[in-house]
Amino acid sequence: MAIDLFRATYVPTIFLRNAELRAVEELPEGVKDSLTPIFWLKPIPNAKHLSKAIEKIEDAFGDERKYFLEIDPFYNVDDAKKRKPAHDEFEKLIDGENDNENWVSFFEDHPNAFPCLQVDYANADSVRAQAAAFTDMERAFLVRFSHLHASGKNWAEIVDAVCETQHTNFGFVVDVEWGNDILSRAAWADAIVKRIVQLRGDSIPVILSGSSFPDSFTQYEEGGSANVDERVLFNNLIANNNEARLIYGDWASSRSPTEGGGGGNPIPPRIDLSTQNTWEIYRVRDEDGGFPAAAKAAMASRNYPKDLGIWATYVIAATAIDDPTGLKKERDQNAIKSLARATAARINLHLYTQMNFGNFDPAPDTDDEFQE
């Protein structure tokens with residue numbers, strides 16, 4: 001089944017890191033069926049070929065589900081500790097010669113992957129050629145504009161070129177990227193949306209994406225919350241563009257690999273509770289109880305989805321168990337003991353919550369029986 005952008009309600013952009021992939025893997029099957037993700041392609045550490053990245057995606061998301069693929073703009077081949085064929089393959093994909101033909105031909109071998117046109121490594125003529133090539137392949141495609149990587153790019157020229165396409169089986173991604181103040185990028189996003197509407201009305205979907213997940217947590221020693229500004233920005237754009245076909249997207253509560261965060265060394269244990277409009281952050285030092293205390297605090301929140309049985313809530317509950325007898329084995333096998341597992345739990349809950357946005361009173365049924 002091909003991707004139908006007109007039915008998409010949530011389009012998360014997902015890094016190929018272990019926490020993100022685990023979070024996707026553990027989603028209920030029904031949520032995966034409804035999700036329209038964009039995965040950022042890069043070589044997998046220690047993998048010989050780039051195809052291993054596709055294997056990782058399809059192991060997590062399912063080998064029959066369709067997804068979008070984009071070049072990871074934060075990946076630098078020169079940072080690799082040991083050069084492998086995967087790095088050569090990656091460099092060929094970002095080669096803008098011959099209308100990005102290497103990028104186009106890459107999808108011939110990966111039927112579940114749908115493309116984002118190369119914009120950062122292309123000019124307007126190449127973008128036109130890519131759109132024509134993927135149209136001939138009968139592949140829906142996206143065109144992603146990124147705020148921080150847009151220097152020197154004439155986005156209006158690219159919009160005009162793509163909108164010459166004579167069908168509607170494509171969409172745009174307006175990505176404000178990560179920032180502490182993504183709301184300040186509203187005017188940039190709004191201008192792109194208005195240009196698309198001017199040319200094609202509401203016939204072309206526009207996905208708004210980005211991330212405002214905090215990069216510092218020292219202020220959350222006793223608990224606290226951070227707004228999901230992606231939702232605020234999305235609502236503002238909807239209010240200002242009533243003719244646009246806007247779809248919500250985000251970075252699945254992640255930051256780019258270039259952003260730090262964590263608040264010191266060693267980093268105190270932290271569990272983040274994803275709600276519809278906030279992240280509640282519970283940060284408890286090891287000497288004060290660590291992950292179990294943080295899990296108990298999260299479960300005590302009035303916003304904790306106590307009737308929701310998904311992987312994230314399961315591992316949070318297992319972490320909160322302090323019975324040293326009968327339940328110790330369960331705690332040890334499933335509890336959160338590292339920030340990487342805590343991150344996977346946050347992303348898992350965030351993806352589920354945003355996919356079911358507006359339907360959390362009560363929490364929706366997962367349709368799946370959780371399997372240990």
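Worked exercises on one predicted model follow, from its barrel to its helix contacts.

Residues are numbered from 1 along each chain as its sequence is written, and side-chain values use heavy atoms, with hydrogens and water left out. As this is a predicted model, local features need pLDDT of at least 70 and side-chain atom pairs count only at pLDDT 80 or more, while totals for chains, interfaces and linings use all residues.

**Exercise 1. The barrel**

Task: Give the strand order of the closed barrel, then describe how strand 1 meets strand 2.

Solution:
- Step 1. Fix the terms. Helices (H or I, at least four residues) and strands (E, at least two) are DSSP runs, numbered from the N terminus. Two strands pair if DSSP finds at least two bridges between them.
- Step 2. Trace the order. The closed barrel has 8 strands in the order 1-2-3-4-5-6-7-9, and the pairing is parallel.
- Step 3. Add the twist. From one strand to the next it averages 30°. Angles run from 0 to 180 degrees between N-to-C directions, and axes are lines fitted to C-alpha atoms, for helices over the stretch in contact.
- Step 4. Take the pair. Strand 1 (residues 10-14) and strand 2 (residues 38-41) run parallel, joined by 2 bridges. Ile-14 has Phe-39 of strand 2 as its bridge partner.
- Step 5. Add the helix. Helix 3 (residues 51-61) packs on the sheet and touches strand 2 and strand 3 (67-71). Its direction makes about 145° with that of strand 3. Contact means heavy atoms within 4.5 Å.

**Exercise 2. Two residues**

Task: Decide whether Glu-70 and Asn-100 are buried or exposed, and list what each contacts.

Solution:
- Step 1. Set the scale. Buried means under 20% relative accessible area, exposed over 50%, and partly exposed in between (1.4 Å probe, protein chains only).
- Step 2. Place Glu-70. It sits in strand 3. Its relative accessibility is 6%, so Glu-70 counts as buried.
- Step 3. List its contacts. Residues up to four places away in sequence are not counted. Glu-70 then touches Ile-38, Phe-39, Trp-40, Leu-41, Trp-103, Cys-116, Leu-117, Gln-118 and Arg-144. The C-alpha atoms of Glu-70 and Trp-40 are separated by 5.0 Å, with the two positions 30 residues apart along the chain.
- Step 4. Place Asn-100. It lies in the loop between helix 4 (85-93) and helix 5 (101-106). Its relative accessibility is 0%, so Asn-100 counts as buried.
- Step 5. List its contacts. Leaving aside neighbours within four places in sequence, Asn-100 contacts Asp-95, Gln-118, Tyr-121, Ala-122, Ser-126 and Gln-130.

**Exercise 3. The open sheet**

Task: Work out the order of the open sheet, and explain why strand 10 is largely enclosed.

Solution:
- Step 1. Read the order. The open sheet has 3 strands, 8-11-10, with antiparallel pairing. Strand 8 (224-227) and strand 10 are the edge strands, each pairing on one side only. The twist averages 25° from one strand to the next.
- Step 2. Join strand 8 to strand 11. They run antiparallel over 4 bridges. Ser-225 stands opposite Glu-280 in strand 11.
- Step 3. Join strand 10 to strand 11 (residues 278-283). They pair in the antiparallel sense over 5 bridges. A hairpin of 3 residues connects them. Ser-274 stands opposite Trp-279.
- Step 4. Check burial. In strand 10 (residues 270-274), 5 of the 5 residues are buried, so the rest of the structure largely encloses it. Arg-270, Asp-272 and Ser-274 point one way, Ile-271 and Leu-273 the other.
- Step 5. Add the helix. Helix 10 lies across strand 10 and strand 11, at about 20° to strand 10.

**Exercise 4. Helix 11 and helix 13**

Task: Classify the crossing of helix 11 and helix 13, and sort the contact residues.

Solution:
- Step 1. Take the geometry. The axes of helix 11 (residues 311-320) and helix 13 (residues 339-355) come within 8 Å and cross at roughly 140°.
- Step 2. Classify. Helix 11 is therefore oblique to helix 13. Angles under 35 degrees count as roughly parallel, over 145 as roughly antiparallel, 65 to 115 as roughly perpendicular and the rest as oblique.
- Step 3. List the contact. Trp-311, Ala-312 and Val-315 of helix 11 meet Arg-341, Ala-344, Ala-345, Asn-348 and Leu-349 of helix 13.
- Step 4. Sort. These residues divide into 6 nonpolar, 1 polar and 1 charged. Ala, Val, Leu, Ile, Met, Phe, Trp, Tyr, Cys and Pro count as nonpolar, Asp, Glu, Lys and Arg as charged, and the others, Gly among them, as polar.
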